[in-house]
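User: Hi! I'm new to reading protein structures, could you walk me through this one?

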Number of protein chains: 2
Amino acid sequence: MRAVEVVAFDGDDTLWHHEHLYQDTQAALRELLVRHVEGPVLDAHLLDVERRNLSLFGYGVKGFVLSMIETALELTNGEVTGGEIGQIIERGKSMLRHPVELIDGVADTVQQLVDDYRLVLVTKGDLFDQEGKIARSGLAELFEHVEILSEKDVAAYRRVFSALDVPISKVMMVGNSVRSDVLPALDAGAQAVHVPYRVTWDLEHAEPLDHHRVVRLERIAELPGYLDSLIP
Amino acid sequence: MRAVEVVAFDGDDTLWHHEHLYQDTQAALRELLVRHVEGPVLDAHLLDVERRNLSLFGYGVKGFVLSMIETALELTNGEVTGGEIGQIIERGKSMLRHPVELIDGVADTVQQLVDDYRLVLVTKGDLFDQEGKIARSGLAELFEHVEILSEKDVAAYRRVFSALDVPISKVMMVGNSVRSDVLPALDAGAQAVHVPYRVTWDLEHAEPLDHHRVVRLERIAELPGYLDSLIP
């Protein structure tokens with residue numbers, strides 16, 4: 001009896017680089033509005049606007065662009081020009097068009113596991129954008145199931161994992177976010193592996209954790225070895 | 001042996017009013033820009049922008065808002081004011097906050113069918129917004145499965161219907177859009193019922209059709225009677 005039968009991966013910042021696109025775009029917004037507002041003020045205000053809009057927009061690039069435009073309007077008292085707003089929209093489009101860049105070690109790791117484990121992908125965000133990224137990642141065929149969620153909470157994980165026809169305790173969730181990947185998957189009864197990404201969005205921050213069903217790996221390439229170590 | 005075991009419903013403009021929200025918002029945009037551009041010119045340009053953006057934004061309110069802003073920037077040579085762009089964003093937020101209004105006869109019809117048929121909901125659009133609408137519709141518990149798609153094509157229907165453990169020929173898809181609900185469901189091997197809505201988005205227009213597996217009902221309330229008529 002194996003302790004793990006299904007390995008479930010998060011997408012953004014677990015399989016492919018993601019958050020840096022947001023951070024680069026935000027840096028460009030700071031530059032664009034430099035004559036109106038100082039960088040730290042903009043960062044703080046944008047975070048407030050994103051938080052305020054989350055219940056209406058959900059996650060994803062389109063909502064981020066709308067929040068950047070709102071932030072620009074509010075911080076410049078509406079004096080931001082049409083041309084500048086056009087630049088913000090173009091930046092957003094560049095994010096949506098950006099090639100999917102796999103994180104180091106991902107392709108080999110997934111390829112190594114596919115013969116011994118059932119692999120699923122459980123990601124969060126904009127349906128249309130996520131589907132495009134999965135298709136462009138070149139990994140789609142390695143996953144027996146792909147689930148795109150609007151929010152990664154315990155109810156969502158329970159629903160997704162229950163449909164796999166395996167005890168949830170034999171599912172291992174692998175992701176970079178303690179808040180979205182690790183904690184709710186543990187609460188749903190799965191195991192979890194935390195593989196931190198080098199940057200974390202402020203709204204994803206969570207306290208470090210100590211739990212008997214979670215381990216932290218520095219690089220995803222360590223995952224096959226860790227899974228091997230669980231086989232009696 | 002019943003000819004229909006699963007009834008699959010579209011959401012927008014089949015179960016609840018939807019397109020009128022877009023049309024009302026577009027009318028407000030015409031009003032907002034009346035000093036810059038005539039209504040028909042704006043309508044045509046917005047449709048072009050939406051078509052151009054569809055492959056990046058997909059369907060839904062957030063992409064519509066971004067397309068409205070782009071349209072306003074382009075048609076005013078960037079002279080649209082920050083305040084006016086703020087009003088466009090506010091209009092979009094009102095769309096997202098708008099109560100879900102069921103179409104006449106929907107609640108009774110779905111309630112009548114739930115004991116005799118397996119009911120599923122197959123809708124298209126923004127994941128976050130659609131989930132919110134389904135929850136607010138009050139109908140969620142009547143459906144054994146809800147599928148939110150980024151595009152309703154034959155491959156998507158085949159995947160969704162195949163997972164139902166019933167021959168696809170015993171699935172009946174009910175929707176207002178010939179292009180998105182009727183034709184691809186027929187191509188996937190299902191039956192289809194077309195219940196037209198009073199307005200159709202230009203990008204959803206399709207030729208009227210003549211097909212032995214589709215009927216057209218004027219009102220959704222006629223659906224239970226039609227299903228009864230199929231029982232030998």
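Analyst: Happy to, so let's go through the chains and then how some helices pack.

User: Great! Anything I should know before we start?

Analyst: This is a predicted model, where local features need pLDDT of at least 70, side-chain atom pairs count only at pLDDT 80 or more, and totals for chains, interfaces and linings use all residues. Residues are numbered from 1 along each chain as its sequence is written, chains are lettered from A and ligands numbered from 1 in the order in which they are written, and side-chain values use heavy atoms, with hydrogens and water left out.

User: How many helices and strands are there in chain A?

Analyst: Chain A has 9 helices and 6 strands. Both are DSSP runs numbered from the N terminus: helices are H or I with at least four residues, strands are E with at least two.

User: And what does chain A span along its principal axes?

Analyst: The C-alpha trace of chain A spans about 65 × 30 × 30 Å. Its radius of gyration is 19 Å, which agrees with the value near 17 Å for a compact globule of 232 residues. That radius is taken over C-alpha atoms, and the globule rule is 2.2 Å times the number of residues to the power 0.38.

User: Now helices. At what angle do H1 and H3 of chain A cross?

Analyst: Helix H1 (residues 19-32) of chain A and helix H3 (residues 61-75) of chain A cross at roughly 20°, and their axes come within 12 Å. Therefore H1(A) is roughly parallel to H3(A). Angles under 35 degrees count as roughly parallel, over 145 as roughly antiparallel, 65 to 115 as roughly perpendicular and the rest as oblique. The axes are lines fitted to C-alpha atoms, for helices over the stretch in contact, and angles run from 0 to 180 degrees between N-to-C directions.

User: Which residues meet there?

Analyst: From H1(A), Tyr22(A), Thr25(A), Gln26(A) and Leu29(A) meet Val61(A), Phe64(A) and Met68(A) of H3(A); contact means heavy atoms within 4.5 Å. This contact of H1(A) with H3(A) has 5 nonpolar, 2 polar and no charged residues. Ala, Val, Leu, Ile, Met, Phe, Trp, Tyr, Cys and Pro count as nonpolar, Asp, Glu, Lys and Arg as charged, and the others, Gly among them, as polar.

User: Switching topic: what rotation superposes chain A on chain B?

Analyst: A rotation of 180° does, with 0.0 Å of shift along its axis and an RMSD of 0.0 Å. The two copies are therefore related as by a two-fold rotation axis. The superposition is by least squares on C-alpha atoms of residues with pLDDT of at least 70 in both copies.
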